[in-house]
Amino acid sequence: MRVVFEDCRIVSPSHDVVNGYVVVEDGAVVGVGAGRFDGYADERVDLEGLTLLPGFVDTHTHGVEGFDITASPLPETVIEMAKRFVRYGVTGFLPTTVSAPHETIVRACRAVREASKLWRPSIGSRILGIHLEGPYISREVAGAQNTEFIRPPSVEEFKIYYEESGGLLKQITIAPELPGAAKLIEVAKGLGVTVSAGHTNAGYEVGLEAVRLGVSKATHLFNGMRRFHHRDPGIALALMQSPSVYLEIIADFIHLHPAVVKMVVDHATPRRIVLVTDSIAATGLGDGIYSLGGLEVVVEGGICRLAKTGDLAGSTLTMDKAFRNIVSLGYTLREASMMASYNPAKSIKLGISIGDIAPGYRADFVVVDDRLDVVKTVIDGEIVYER
């Protein structure tokens with residue numbers, strides 16, 4: 001079946017067409033052009049001058065609208081998250097655990113494996129795999145992670161998680177300074193798992209060594225890391241200075257001041273930035289009392305903090321808002337698309353092509369209006385959400 005999306009601006013890392021069309025066959029992009037498509041089409045979708053972007057990809061999200069993968073490690077939880085993310089323009093995501101008991105993480109890995117078998121476009125966002133944020137992190141910068149469940153890196157335990165996920169363990173966040181971390185980095189990299197440095201108290205030199213060993217991503221840069229000082233820059237600067245490392249940014253302007261976000265993007269260039277939400281179950285539900293990894297979280301004014309310490313505890317950010325925020329700093333739609341779609345997908349070494357609008361890529365799109373609000377979400381060429 002051939003579907004043509006037409007009369008729209010098309011913006012992606014590969015294109016910026018003011019008035020054009022995209023041809024989709026069997027869920028994949030087969031053509032992009034300007035003007036009107038004169039060939040045969042089984043279906044035409046008139047987008048009436050709206051903007052077509054690659055669907056957003058969130059590689060770090062704990063929950064949304066009452067569902068949390070750690071609190072409820074079931075296939076149904078993952079499916080419900082997928083259903084809800086499409087309204088925010090998300091076409092692919094990694095449900096993300098926090099530090100938890102071994103059996104809980106095992107169940108979360110199984111849940112993602114089973115949910116991925118059930119997935120189809122009409123359900124919602126693609127289930128790209130699972131991201132384990134911990135449990136091999138530093139107690140000194142645990143942030144909103146429950147220290148009761150933080151433990152030393154274990155290759156044997158990690159291999160169990162990988163096997164239970166059916167190979168869908170795509171990213172793990174660890175503190176590279178911990179004893180045993182170097183071996184875990186080596187093993188994870190060998191299995192194709194992206195190793196991200198986060199919740200780490202490592203210094204600058206240890207950070208550089210971690211990159212040499214195989215760390216290729218930074219988990220929410222600056223947050224959950226040794227604080228930067230001009231005489232002790234810590235791992236954050238090492239990660240920023242390493243061209244092979246993708247940098248996660250929570251662009252809610254709460255976790256990082258807008259000026260810091262701009263400094264990081266300008267230094268690293270949009271090619272290395274991965275926008276994430278770090279969202280928790282409170283996302284989309286409003287203020288109140290919630291839980292993250294067994295810790296009580298108070299949400300006021302959309303800001304999540306641990307009830308006990310006041311530390312930031314994830315966010316209620318959504319990818320569409322992160323996209324709008326990054327554009328508000330002066331970056332082009334094309335650059336923002338790279339940070340919200342293309343880079344996230346590339347950072348986790350997927351076996352499918354998503355994050356761009358070009359021949360050979362899956363037809364995963366988000367349609368936005370002049371305010372960059374989500375109007376439609378498309379997965380495999382199928383409209384799965386309309387405002």
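## A buried serine in helix H9

A residue counts as buried when its relative accessible area is under 20%. In this predicted model, Ser347 has a relative accessible area of 2%, so Ser347 is buried. You will find Ser347 in helix H9, which covers residues 333-347.

What does the side chain of Ser347 make a polar contact with? Its partner is the side chain of Lys217, at 2.9 Å. Lys217 also appears in the list of residues in contact with Ser347 once neighbours within four places in sequence are left aside; the others there are Thr59, Thr194, Tyr246 and Val274.

## Helix H4 and its surroundings

Next, have a look at helix H4, residues 181-190. Its buried residues are Ala181, Leu184, Ile185, Val187 and Ala188. Together, the buried residues of H4 pack against helix H3, strand E12, strand E13 (194-197) and helix H5 (204-213). After H4 comes Gly192, with a positive phi near 85°.

How do helices H3 and H4 lie relative to each other? The axes of H3 (residues 155-164) and H4 come within 10 Å and cross at roughly 25°. Angles under 35 degrees count as roughly parallel, so H3 is roughly parallel to H4. The crossing of H3 past H4 is right-handed. On the H3 side, Val155, Phe158 and Lys159 make the contact, while H4 contributes Lys183, Leu184, Val187 and Ala188.

## Pro176, in the loop before H4

Just ahead of H4, a loop connects strand E12 (169-174) to the helix, and Pro176 sits in that loop. Is Pro176 buried or exposed? Its relative accessibility is 12%, so Pro176 counts as buried.

Neighbours within four places in sequence aside, Pro176 is in contact with Ala181, Ile185, Ala197, Thr200, Ala210 and Ile235. Among these, Ala181 and Ile185 are also buried residues of H4. If you want a distance to check in your viewer, try Pro176 to Thr219: these residues are 43 apart along the chain, and their C-alpha atoms are separated by 12 Å.

## Helices H1 and H2

A second helix pair is formed by H1 (residues 75-85) and H2 (residues 102-118), which pack at an angle of about 55° with their axes 8 Å apart. That angle makes H1 oblique to H2. H1 passes H2 in a right-handed crossing.

Which residues make the contact between H1 and H2? From H1 they are Pro75, Val78 and Ile79, and from H2 they are Ala111, Val112, Glu114, Ala115 and Leu118.

## Aromatic pairs

How many aromatic pairs does the model hold? The count comes to 4. In one of them, the ring centres of Phe5 and Phe365 are 5.5 Å apart and the ring planes stand at 85°; planes over 60 degrees apart count as edge-to-face, so this pair is edge-to-face. The pair links distant parts of the chain, with Phe5 in strand E1 (residues 2-11) and Phe365 in strand E20 (residues 365-368), 360 residues apart. Both Phe5 and Phe365 are buried.

Another pair brings together Phe85 and Phe93. Their ring centres are 5.0 Å apart and their planes are at 55°, so the pair is tilted. Phe85 has 4% relative accessibility and therefore counts as buried. Phe93 is buried too, with a relative accessible area of 0%.

Key:
Residues are numbered from 1 along each chain as its sequence is written. This is a predicted model: local features need pLDDT of at least 70, side-chain atom pairs count only at pLDDT 80 or more; totals for chains, interfaces and linings use all residues. Side-chain values use heavy atoms; hydrogens and water are left out. Helices (H or I, at least four residues) and strands (E, at least two) are DSSP runs, numbered from the N terminus. Buried means under 20% relative accessible area, exposed over 50%, partly exposed in between (1.4 Å probe, protein chains only). Contact means heavy atoms within 4.5 Å. Rings of Phe, Tyr and Trp (its six-membered ring) pair if their centres lie within 6.5 Å; planes under 30 degrees apart count as stacked, over 60 as edge-to-face and the rest as tilted. A polar contact is a pair of N or O atoms within 3.5 Å; within protein, one must be able to donate a hydrogen and the other to accept it, and residues adjacent in sequence count only if both atoms are side-chain atoms. Axes are lines fitted to C-alpha atoms, for helices over the stretch in contact, and angles run from 0 to 180 degrees between N-to-C directions. Angles under 35 degrees count as roughly parallel, over 145 as roughly antiparallel, 65 to 115 as roughly perpendicular and the rest as oblique. A crossing is left-handed if the near helix is turned anticlockwise from the far one by less than a right angle, and right-handed if clockwise.
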